[in-house]
Each structure stands twice: as structure tokens, then as C-alpha cells.
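Got your viewer open? Get ready to select a few pieces one after another, and take a moment to look before you read on.

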Amino acid sequence: MFRVTRKILPVGQGAFYFEQLQDGEETKNVIYDCGSTTKNHKAILTQQIRHLLPEQSVIDVLFISHFDKDHVNGIEELCKHFDVKKIIIPEFDRQYLSIYFLFNFLSEKASVSNYSINYGAVDSFSSFLQENAERIVQVSPYNPNSDLDERPQNIHEIKTNVPILSGRQLTLGGGLYIPINFGVTKKQVDDFKNAFNREFHVYILSNDSTERNKIKDIIAQNSAKIKGIYKALVGDVNAHSMIVYSGAVNGYDFYFMHIDMEYCCNVYSPHCYHHCTHDCRHKVSCLYTGDANLDAARLKVVKKILKTKIDTIGVLQLPHHGSKRNLDYKTYKKIMMSKGECQKLITFASFGTSNQYHHPSYSLIEDIMIEDDCFFGVTERLGPLEMEINHLFV
């Protein structure tokens with residue numbers, strides 16, 4: 001019997017998701033994101049990491065959706081505590097990271113006097129990625145003109161020096177993972193960098209301290225204009241993420257699902273209880289979404305790549321902590337649900353109890369309730385939402 005246990009860990013305004021695959025005596029461990037910006041987040045993350053598995057346990061693969069600190073600032077601690085074999089991330093270079101961190105800085109409305117800290121964050125995270133280059137696999141942004149190789153490949157056999165295409169099928173034991181990078185392309189970074197240089201006559205990625213001070217003043221006086229340029233050329237800063245489909249390889253059939261809600265009070269949904277099950281026997285897969293903007297166009301891309309596998313998705317992470325701006329639930333159901341199929345979905349979101357962004361969106365949760373689906377909210381105060389999914393080999 002092949003069993004998958006999924007845990008949505010309570011880290012507040014962030015994301016930390018764990019899967020354990022058991023196929024006979026073989027065990028595989030998978031993590032998707034590890035970060036939080038909730039108050040005392042460092043202590044929260046450290047506690048969850050150390051309680052998850054014994055020290056130096058093997059994590060076969062760590063997926064990183066994107067580089068926002070509420071998704072990555074626990075990763076260094078994670079790699080210290082565990083033996084992480086592979087890290088799969090959106091494709092990047094230092095220019096991309098610098099501009100990415102700049103816009104996260106601007107979106108947080110932080111004091112511009114602290115902008116120098118942003119360079120330090122780029123340097124620190126770049127160093128971490130360089131130090132772990134031998135186990136990092138990059139996933140290139142989705143390109144509709146690329147020919148997708150649909151042959152499954154074992155995660156541990158992937159070469160780390162060549163990016164893989166979005167939509168590549170990766171196997172781990174009896175598990176199947178398909179990353180799709182809805183990230184920023186190199187062309188978009190170059191277009192923004194050139195537009196900034198034309199507008200302000202300064203090289204945005206300069207390492208010169210005098211130039212950096214000049215850039216700081218430009219940002220202080222023109223933040224709205226800069227964000228407008230970025231949005232026009234690249235899009236919303238909270239729209240780009242690598243999503244991951246998590247399912248089973250061909251030859252497994254769904255047998256049973258149980259959700260342990262012993263410590264997770266679900267205050268939003270009258271339809272979900274301490275023990276929640278659904279009778280959609282084949283809907284065992286999960287779609288992890290990071291902060292992706294899953295508009296109709298992107299959902300159609302997901303459907304195109306996953307093909308019939310979309311019919312197995314029964315668990316959905318609501319993107320961007322349950323933001324209404326990142327997902328229209330009715331559109332999701334219309335595009336991603338086949339007619340005649342069981343329409344039941346279990347959804348979840350991670351968010352801080354006192355987050356300033358008003359996550360999750362109550363109108364999004366209302367749409368989920370109208371569809372008679374389940375929603376679980378996991379905060380820093382609640383115990384882990386644990387899903388146990390068993391598959392029987394056919």
C-alpha cells in the first residue's frame with residue numbers, strides 16, 4: 001500500500017507544507033516552502049522544523065515557490081537541521097533577485113532609509129543559493145513555444161546545471177510532482193532594467209555605494225512611478241510563483257482519505273468538521289500554488305500541461321494566503337473541473353491571525369461555501385492540518 005501524509009504546518013503568515021510518502025518500507029519526504037513573517041516567526045519556524053522529523057533526517061526534495069521572505073526565511077534553518085538532497089526553485093540570476101527584492105521592499109512600504117538592507121538580503125540569499133548549487137535544480141518560466149518532454153524523470157537523477165522545463169514530470173517513489181513556473185522571465189527583467197535606466201539615468205543594479213545612495217533617493221521620490229513601470233512590464237509583484245502538482249504515478253488508485261483536525265479549529269466553514277472526508281475516490285492529488293495569480297489564462301495553461309491529471313486534484317492551496325485577487329473560485333471550478341466528475345474540493349490557506357493584509361478574503365471563502373466545498377484556515381496558533389491519503393496499487 002502506498003500512503004501519502006500531507007501536513008500544513010502552523011507558521012502564520014507564510015507557508016510550510018510537508019509530505020511523507022510511504023511505499024512498503026521505503027519512505028520519502030517532501031517540503032514545499034518554509035517561511036513566515038508572523039511575529040516571533042524565527043522561533044515558530046525553528047520549533048516546527050525541529051518537531052517535524054529527527055535531526056539529519058533526509059528531505060528528498062524541497063520545492064520553493066518564489067523568493068518572498070514569508071516563503072523562504074526558514075530554509076537556511078531547514079537545511080541545517082535536515083539533510084536536503086534536492087532544492088527545486090524558479091529559474092533566477094542575481095539581476096532577477098536584486099529587482100525582485102527591490103519590489104518586495106517597495107510593496108511592504110518600508111522606510112526607504114532601510115533600502116541598503118535590501119542589498120544585504122540579496123547578497124545573503126544569493127550566497128545561500130551558490131553554496132547549495134550542487135543540489136539546486138532551476139525550473140524555467142513557462143514558455144508556450146517549448147516542446148514539453150512528458151517522459152517522467154526520477155528527482156534524484158536530475159542534473160543541477162541545466163534548468164528543466166515547466167511541466168516536466170518528476171517521480172519520487174510512488175509520487176509524481178509537476179512544477180510549473182509562472183515566474184518572471186529574463187526578458188522582463190531586462191525590459192524593466194532598461195526602462196529604469198532610461199527614466200532615471202542610473203544603472204539600477206550598480207554595486208557602487210554612491211550610485212546606490214542615488215538610487216535610494218530616486219526610490220524615495222518616485223516609488224509610485226517605479227511600481228507603475230514594473231507592473232506594466234512585469235506584472236503584479238504578488239503574482240509570480242512556481243506551482244507544483246503533487247499526485248501519484250500511474251498505476252495507483254485512491255482508496256481512502258482522512259483529515260485529522262484535532263488541533264485545527266475551522267472557524268470559517270460549517271461544512272468541515274474535526275474529521276473530514278469526501279467520496280471523490282480518485283481526487284487525491286494536491287495543487288500547491290504559492291502566491292501565483294491563477295487567472296483564467298494561467299489555469300488553462302495548468303489544464304493543458306496536466307491534462308487528465310487535473311481530474312485527480314482534490315486538495316487546493318488557495319494562492320497568496322487566500323487573496324481574492326489571486327484566484328476567482330468560480331473560474332477555477334469552471335476551467336479545472338470536468339463535467340460529470342465529482343466536484344468536491346478541499347481548500348486551505350496559511351495566514352497570520354493579525355496580518356495587515358486581511359488574508360484570507362471572506363468573499364473567496366464565501367464562494368467556496370456556496371460550492372459546498374471545504375475550507376481550512378491554518379494560523380500560527382493552530383496545530384497542523386494533517387491529511388492522510390492511502391493509495392492501493394492496482
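Below is a short tour, from the whole chain down to a single side chain.

**Stop 1: the whole chain.** First, a reminder that you're looking at a predicted model. Colour the chain by secondary structure: there are eleven helices and 17 strands in it. The chain has 394 residues, and 58% of them count as buried. Now think about contacts between residues at least 6 apart in sequence: 77% of these join residues at least 24 apart.

**Stop 2: the sheet.** Next, select the eight strands that make up an open sheet, in the order β7-β8-β9-β10-β13-β14-β15-β16. The pairing in this sheet is mixed. Which strands sit at the edges? They are β7 (153-154) and β16 (374-378), each pairing on one side only. Step over to β8 (residues 170-172), which is antiparallel to β9, with three bridges between them. Click on L172 and look across to β9, where G175 stands opposite.

**Stop 3: helix α8.** Select residues 296-306 to get helix α8. Show the side chains of R298, L299, V301, V302, I305 and L306, the buried residues of this helix. Why do they line one face of α8? Look down the helix axis: the buried residues fall within an arc of 155°, so they share a face. There's a handy rule behind patterns like this: an α-helix has 3.6 residues a turn, so residues three or four places apart point the same way. Turn to the face pointing away from the buried side and you'll meet A297, K300 and K304, which are exposed.

What do the buried residues of α8 pack against? Add β9 (175-182), β10 (241-248), β14 (313-317) and α10 (329-336) to your selection and you have the answer. The helix packs on the sheet through β9, β10 and β14, and its direction makes about 145° with that of β9. Before you leave, click K307, which follows α8 and has a positive phi, near 55°.

**Stop 4: another helix on the sheet.** Select residues 362-370, which form helix α11. You'll find α11 lying across β15 (346-350) and β16, and running at about 145° to β16.

**Stop 5: strand β13.** Go back to the sheet and pick residues 285-288, strand β13. In a regular strand the side chains alternate between the two faces of the sheet. Here S285 and L287 are on one side, C286 and Y288 are on the other, and all four are buried, with both faces of the strand covered. Check the neighbours too. Strands β10 and β13 run antiparallel and are joined by three bridges, with V244 and Y288 as bridge partners. Strands β13 and β14 are also joined by three bridges but run parallel, and here C286 has V315 as its partner.

While you're on a cysteine: how many disulfides does a search of the whole structure find? Zero. C286 itself counts as buried, at 1% relative accessibility, and so does C374, at 1%.

**Stop 6: Q317.** Finish by selecting Q317 in strand β14. Is Q317 buried or exposed? With 2% relative accessibility, Q317 counts as buried. Draw a C-alpha to C-alpha distance to C286: the two are 7.7 Å apart in space, though 31 residues apart in sequence. Then show what Q317 touches beyond its sequence neighbours, including Y17, Y32 and F348. G290 is another of its contacts: the backbone nitrogen of G290 lies 3.3 Å from a polar atom of the Q317 side chain.

How values were computed
Residues are numbered from 1 along each chain as its sequence is written. This is a predicted model: local features need pLDDT of at least 70, side-chain atom pairs count only at pLDDT 80 or more; totals for chains, interfaces and linings use all residues. Side-chain values use heavy atoms; hydrogens and water are left out. Buried means under 20% relative accessible area, exposed over 50%, partly exposed in between (1.4 Å probe, protein chains only). Helices (H or I, at least four residues) and strands (E, at least two) are DSSP runs, numbered from the N terminus. The arc is that of the directions from the helix axis to the C-beta atoms. Contact means heavy atoms within 4.5 Å. Two strands pair if DSSP finds at least two bridges between them. Axes are lines fitted to C-alpha atoms, for helices over the stretch in contact, and angles run from 0 to 180 degrees between N-to-C directions. A disulfide is a pair of cysteine sulfur atoms within 2.5 Å. A polar contact is a pair of N or O atoms within 3.5 Å; within protein, one must be able to donate a hydrogen and the other to accept it, and residues adjacent in sequence count only if both atoms are side-chain atoms.
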